[in-house]
Amino acid sequence: MESRTTEETALKVAAKSNVRMYNGDVFKALPQEGFVLAHISNDIGKWGAGFSKEIDLYLSEEPREAYLKEWPRLTPGTLQLTRLRKGAYVASLIAQHGVRTRLNPTPIRYSWLSTCLRELGDVAQDLSLSIFMPRIGAGLAGGEWKVIEGMIRRELEGDDKPMVSIYLG
């Protein structure tokens, strides 16, 4: 009986969390305004693979153009915020060193990601935005989703934090 109570408590805690996970396509879930779509970018000016390619296809090429223009000045552990229209933004989190290769199978940098997530939370709070994201860092960046999920919860979960919707695909 005690394990059932523990399970029920865990479900209630999850239901109260501002960090929620959904099955489905993040692009189909985006509202017209009031959001920032977060994804991971590298520190060497490469764009066009993985989720960044989908941003070009489904949203706009503006984030790519802004990233390519600014990347020499973007430092690890920062984010680049691109406004698509009123209340709609893309946040490129500079949390990946280079791109995935045989010699660099795990380009994600967890310390950079942690800093980016903190800044993302602050930006979303300041602009009254909800955060949307795919399962960041677990694709071409080579990160472990359980580690990344823990970081997201540590940096973005709380009563005073914006809503976070993670789409698992």
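**A tour of the sheet and its helices**

Begin by selecting strand 5 (130–134) together with strand 6 (residues 164–167), two strands that run parallel and are joined by four bridges. Within this pairing, pick out Pro134 and look across to strand 6, where its bridge partner is Tyr167. Keep in mind while looking that the model is a predicted one.

Next, widen the selection to the whole sheet, which is open, has six strands in the order 1-6-5-2-4-3, and shows mixed pairing. Strand 1 (19–22) and strand 3 stand at the edges, and because each has a single partner strand, one side of each is left without a neighbour in the sheet. If you turn the view to look along the strands, note that neighbouring strands of this sheet are turned against each other by 25 degrees on average, with direction ignored.

Now add helix 3 (residues 50–58), which lies across strand 2, strand 4 and strand 5, and which runs at about 135 degrees to strand 2.

From there, move to helix 5 (residues 110–127), whose 18 residues reach 25 Å from the first C-alpha to the last, close to the 26 Å expected at 1.5 Å a residue. Helix 5 lies across strand 2, strand 3, strand 4 and strand 5, and runs at about 165 degrees to strand 4. Show the side chains of its buried residues, among them Trp112, Leu113, Leu117, Leu120 and Val123. What do the buried residues of helix 5 pack against? They pack against strand 2 (35–42), strand 3 (79–85), strand 4 (88–96) and strand 5, and also against helix 6 (145–156).

Finish just after helix 5, at Ser128, which takes a positive phi of about 55 degrees.

Notes:
Residues are numbered from 1 along each chain as its sequence is written. This is a predicted model: local features need pLDDT of at least 70, side-chain atom pairs count only at pLDDT 80 or more; totals for chains, interfaces and linings use all residues. Side-chain values use heavy atoms; hydrogens and water are left out. The expected span of a helix is 1.5 Å times one less than its number of residues. Buried means under 20% relative accessible area, exposed over 50%, partly exposed in between (1.4 Å probe, protein chains only). Contact means heavy atoms within 4.5 Å. Two strands pair if DSSP finds at least two bridges between them. Axes are lines fitted to C-alpha atoms, for helices over the stretch in contact, and angles run from 0 to 180 degrees between N-to-C directions.
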